[in-house]
Structures are given as structure tokens and as C-alpha cells.
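Work through the exercises below with the structure in view. Each task is followed by a solution in steps.

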Amino acid sequence: MDILIEGRPATPYDLAHQALVNYGAYTSFRVEQGAVRGLDLHLARLEQAAVELFGESPDEAELRRLMAQAVEGRDACWLRASLFSPEIGHRAPSFVGRPKVMTVVSPPPPPLAVSVRVKAMAYEREAPHLKHVATMGLTRARRAARAAGFDDALFTDANGRVSEGALWNIGFFKGDRIVWPQAPMLAGVTQALIQRGLAEAGLASETRTVALSDIAAFDGAFLCNSATPVCPITAIDDAAFSVDPAMLDRLERAWFAQPPQVIAARDDDEGVSRLGR
């Protein structure tokens, strides 16, 4: 694992601050040959979080330069890009300005699983629209789910609406239609990439409220995140789902249809949207 802060090796002081002050945001993804599926979405995620948490964002060119530097010379790896400020602490929370960028490069992780059984539980992350570093609740929920004999945790909000998993988004099958739940949650990059390719795969979609009492009416369910494009969910609590390999294959094709976008800035690169578009 290689850790850089602003393109330089992280110091013990840098890492001490990260360990002691749980304030910041990040995104993470697989890099292959210097390119990433959904890079435009990852960059937009960082910008949104930076402006909301720090009041200012590094510009896109700088983010891309630091990411490209971190993965240089690697054919395939996993990159986490984090935003933090050593000026912010528990007793000094008021700093406004550009956050620092930490990049962490490691080997690509395997998919979460080949199938999962999940336990529903009432939980809503703080500022659920942000991919922030306050992850104690997620880990605690996954531990509780596994202690109860399940693989992972599926969250519902205070109104009983299905929202998201501990580390992933969820989608449901109904015929040739994908139903995404509507509730406060993190908008997943992999979810968006699948959505972009659904029409090409011959699938329609909709986003609507899904209550736990609704799930038995669906034909199936799946999870998705950057390490696991598609994984079938075989049970939610006592509701069991069959696995439809053909449907899963169509979802994977929707994801694979989205071309990787080169990280390093190029004059002729039109594959990455400008931030704020």
C-alpha cells in the first residue's frame, strides 16, 4: 500500500491527524492501464463533498494529476482518493479552504461475494449523500448482520423505506425492469454506470419508494459497488430470491458497456465531464 499526501509520501504527522480526526470524504475505484470507469462521477463526487465539507474544492486538473501520479507504472490497482484538512480538529472546526488530497494505492480487492443474504435494519448514515469517512455505523451494522447469520446489512430509513447497503447500492428486478429504491442514500457510481447502459441491454428502470413489505413482489435483487459490479442477493431477512443468471449477465453488460476514462489530462480528452456539468 502506497500513501501520498499532495503527491508526497505521507508523514507520521499526516497519518496521526487522519487517525484522530474523523472528518473528510473519499472515493475509491479500480484503475486499469491508467483509466477508470465512471471517472467523471468520481471527480464530481469529490468536488461536491469538498465544497460542502470544506467550502472549496481542488480543481479537476489537480485531482487528476495527483491520481495519475499515484497509479503511474501500475497495470491494475485500487485507488482511494481522500480529502482532509489538518486545519480542522475537534476544537478548531471552522477552517474554510482547499482540503488536502491523500491517495492510497493497493492491489485490487476481490468482489464482495458471489451471492449474499442480507439482514434489514433501521439505520441512516449521517449526511447519506456524501461518501464520508465516518464509517463506524457501517462496520457495526455489518458485524450485527453477520452475528445474526447473514452476510451483510441492508438499511431502511426512519420511514421504513429501503435505502442502501452497508457498502453498496441495491436494485430489484421486476420482469425487464430495474427498480432502484428512493430514499436518502449515497448515489453509487456503479449504480449510475449500470443505469447508463440499461437501454442498450434491453432493460427499463424506475426509481421509487420501496418498503420492506414490497420486496416479496420482486423477481430478484442485486447489489453493486465499485469492487462488485453485480452480485445477486438471495435473501432479505426471510424473503428468498431466485438467481437469474441471464438477468445478471445483462446487468454486467450494461456496466461493461461504459468505457474506461483516462485519468491523466489530455488536450483531446472528451471522455470526462467537467465538474459542475
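**Exercise 1.** Is Asp237 buried, partly exposed or exposed?

Solution. The model is a predicted one. Step one is to find the residue: Asp237 sits in the loop between strand S14 (228-236) and strand S15 (239-240). Step two is to read its relative accessible area, which is 26%. Buried would need a value under 20%, and exposed one over 50%. Asp237 is therefore partly exposed.

**Exercise 2.** State which sign phi has in Asp237, and do likewise for Ala127.

Solution. Most residues other than glycine have a negative phi. Asp237, which is not a glycine, has a positive phi of about 55 degrees. For Ala127, phi is near 45 degrees, again a positive value in a non-glycine residue. Ala127 belongs to the loop between strand S7 (116-122) and helix H4 (136-147). With a relative accessible area of 27%, Ala127 is partly exposed.

**Exercise 3.** Describe how helix H2 and helix H3 pack.

Solution. Start with the geometry: H2 (residues 39-54) and H3 (residues 60-71) pack at an angle of about 115 degrees, and their axes are 11 Å apart. The crossing of H2 past H3 is right-handed. Next, list the residues that meet. H2 brings Leu39, Leu43 and Leu46, and H3 brings Glu60, Leu63, Arg64 and Met67. Sorted by type, this contact has five nonpolar residues, two charged and no polar.

**Exercise 4.** Which residues have the most contacts inside the largest nonpolar core?

Solution. That core has 26 residues, and the ones with the most contacts inside it are Val31, Met67, Val71, Leu79 and Ile263. At least two core residues come from each of strand S3 (25-32), H2, H3, strand S5 (76-84) and strand S6 (100-106). H2 gives the most, with seven residues. Now take Val31 as an example. Leaving aside residues up to four places away in sequence, Val31 touches Val36, Val71, Asp75, Ala76, Cys77, Leu79 and Ile263. A second, separate core has 19 residues, among them Ile170, Val179, Ile233 and Ile236.

**Exercise 5.** How many disulfides does a search of the whole structure find, and why is Cys231 not bonded to Cys224?

Solution. A disulfide is a covalent bond between the sulfur atoms of two cysteines. The search finds zero. For Cys231, the closest cysteine sulfur is that of Cys224, 10 Å away, which is too far for a bond. Cys231 is buried, with a relative accessible area of 0%. Cys77 is buried too, at 2%.

Technical notes: Residues are numbered from 1 along each chain as its sequence is written. This is a predicted model: local features need pLDDT of at least 70, side-chain atom pairs count only at pLDDT 80 or more; totals for chains, interfaces and linings use all residues. Side-chain values use heavy atoms; hydrogens and water are left out. Axes are lines fitted to C-alpha atoms, for helices over the stretch in contact, and angles run from 0 to 180 degrees between N-to-C directions. Helices (H or I, at least four residues) and strands (E, at least two) are DSSP runs, numbered from the N terminus. A crossing is left-handed if the near helix is turned anticlockwise from the far one by less than a right angle, and right-handed if clockwise. Contact means heavy atoms within 4.5 Å. Ala, Val, Leu, Ile, Met, Phe, Trp, Tyr, Cys and Pro count as nonpolar, Asp, Glu, Lys and Arg as charged, and the others, Gly among them, as polar. A nonpolar core is a set of buried Ala, Val, Leu, Ile, Met, Phe, Trp, Tyr and Cys residues joined through side-chain atoms within 4.5 Å. Buried means under 20% relative accessible area, exposed over 50%, partly exposed in between (1.4 Å probe, protein chains only). A disulfide is a pair of cysteine sulfur atoms within 2.5 Å.
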